[in-house]
Amino acid sequence: RKSLPLSPSRSSSAKIFDNLQVGHRGCRLPEYAENTLPALCHAIEFGADAIEVDVWLTKDDIPVVFHDLYLHRMMDAKGRIGDYTYQQISQMKFRSCESLRVPTLEEVINLAKQKQVKIFIEVKEFRRASKIVEILIELFSKHELRTEACVISFNPYVLWLFNRKNSQIVTCLLSKKDALYGWAISHPGSLAKLLRTFPGIIIIHALNLLSTGLWEVLPVIVGSSMIGPHQNQASVDFIEDWRAKGFTIYFWVSNTDLECQWLRSMQ
């Protein structure tokens with residue numbers, strides 16, 4: 001397999017984010033609401049070297065930390081983050097704890113700097129990609145985050161924009177094997193139902209093969225110096241191959257000590 005190596009400078013800048021224990025959405029324990037400040041604090045207290053958060057834009061272009069596209073799983077509200085202003089979002093209540101609220105990304109940045117941990121900022125926003133890239137670049141400059149935070153995303157276009165506008169920001173292209181198949185078997189929408197038919201399953205597997213081949217070159221095309229595969233893609237050969245190309249690897253998401261030990265055993 002042909003290697004597509006990084007330049008030494010791009011490769012070394014990402015090493016800052018290698019071999020870190022990352023609190024995914026802070027933590028996802030029953031007594032905490034994921035992606036809230038208490039959940040992030042708990043992860044840090046538990047020993048996390050870094051925290052991972054998901055970011056969307058509100059209707060008035062405030063980057064806030066929330067995982068899902070829709071609000072209803074976590075909140076007593078309907079619709080999307082982008083349907084509401086930040087003032088409206090800040091007044092919404094989590095079902096698990098009514099005293100918690102959706103934090104802004106800037107609040108999370110201030111927490112991370114205070115606690116001296118790094119931040120993995122996952123960009124979820126896709127409808128206003130250019131806008132969120134512009135806003136995050138301003139935050140990176142304002143808070144001097146070049147060595148304190150990296151940007152991660154499943155969206156190669158978002159990462160390409162970051163690297164075109166500010167190549168000093170470390171970016172990481174996320175992936176998950178068979179992600180389309182998982183979406184098709186669980187999503188209630190009409191397209192997903194179509195893909196669950198016999199011809200649809202054939203299409204899914206063909207697209208998965210295509211995406212697997214494309215993902216071999218996408219990180220270089222978009223300018224990322226990190227890759228973020230799901231842990232089910234981990235193997236000794238996989239790790240050695242990508243590290244030989246100069247990439248830092250961020251595996252997600254290990255939720256048990258056994259899973260963490262298994263990953264460490266291959267590195």
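**Aromatic pairs, cysteines and a β-α-β unit**

At 13% relative accessibility, Trp-252 counts as buried. This residue of the predicted model is a good starting point, since its ring has a partner. The rings of Trp-252 and Phe-154 have centres 5.7 Å apart and planes at 90°, so the two form an edge-to-face pair. Distant parts of the chain are linked in this way: Phe-154 belongs to the loop between strand E5 (149-153) and helix H6 (156-165), while Trp-252 belongs to the loop between strand E8 (248-249) and helix H12 (257-265), 98 residues apart. Phe-154, with a relative accessibility of 39%, counts as partly exposed.

Across the whole structure, a search finds eight aromatic pairs. Each such pair can be described by two values, the distance of the ring centres and the angle of the planes. For Phe-17 and Phe-120, the centres are 5.9 Å apart and the planes stand at 85°, so this pair is edge-to-face. Phe-17 sits in the loop between helix H1 (8-14) and strand E1 (22-24), and Phe-120 in strand E4 (residues 118-123), so the pair ties together parts that lie 103 residues apart in sequence. Both partners are hidden from the surroundings: Phe-17 is buried, with a relative accessible area of 2%, and Phe-120 is buried at 0% relative accessibility.

Ring pairs also join Phe-238, Trp-242, Phe-247 and Phe-251 into a cluster. Trp-242 has a further contact, as the charged end of Lys-245 sits over its ring, 4.0 Å from the centre.

Two members of this cluster, Phe-238 and Trp-242, lie in helix H11 (residues 236-244). Along H11, Phe-238, Ile-239, Asp-241 and Trp-242 are buried. Viewed down the helix axis, the buried residues of H11 fall within an arc of 165°, so they line one face of the helix. The face turned away from that buried side carries the exposed residues Asp-237 and Ala-244. Just after H11, Gly-246 adopts a positive phi of about 100°.

Helix H11 is also part of a larger arrangement: together with strands E7 and E8, the helix makes a right-handed β-α-β unit. The two strands of this unit pair with each other in the parallel sense over two bridges, and Ile-227 stands opposite Ile-249 in E8. Strand E7 also pairs with strand E6 (residues 171-175), again in the parallel sense, over four bridges. Here Ser-175 has Pro-229 of E7 as its bridge partner.

How do the side chains of a strand arrange themselves? In a regular strand they alternate between the two faces of the sheet. In E7 (residues 226-229), Met-226 and Gly-228 point one way and Ile-227 and Pro-229 the other, and all of them are buried.

The cysteines complete the picture. How many disulfides does a search of the whole structure find? The count is zero. Distance gives the reason in two cases. For Cys-41, the closest cysteine sulfur is that of Cys-27, 9.9 Å away, which is too far for a bond. For Cys-150, the closest is the sulfur of Cys-172 at 6.5 Å, also too far for a bond. A disulfide calls for sulfur atoms within 2.5 Å. Cys-150 itself counts as buried, with 0% relative accessibility.

Definitions and conventions
Residues are numbered from 1 along each chain as its sequence is written. This is a predicted model: local features need pLDDT of at least 70, side-chain atom pairs count only at pLDDT 80 or more; totals for chains, interfaces and linings use all residues. Side-chain values use heavy atoms; hydrogens and water are left out. Rings of Phe, Tyr and Trp (its six-membered ring) pair if their centres lie within 6.5 Å; planes under 30 degrees apart count as stacked, over 60 as edge-to-face and the rest as tilted. Buried means under 20% relative accessible area, exposed over 50%, partly exposed in between (1.4 Å probe, protein chains only). A charge sits over a ring if NZ of Lys or CZ of Arg is within 6 Å of the ring centre and within 35 degrees of the ring normal. Two strands pair if DSSP finds at least two bridges between them. A crossover is right-handed if, with the strands pointing away from the viewer, the path from the first strand over the helix to the second runs clockwise. The arc is that of the directions from the helix axis to the C-beta atoms.
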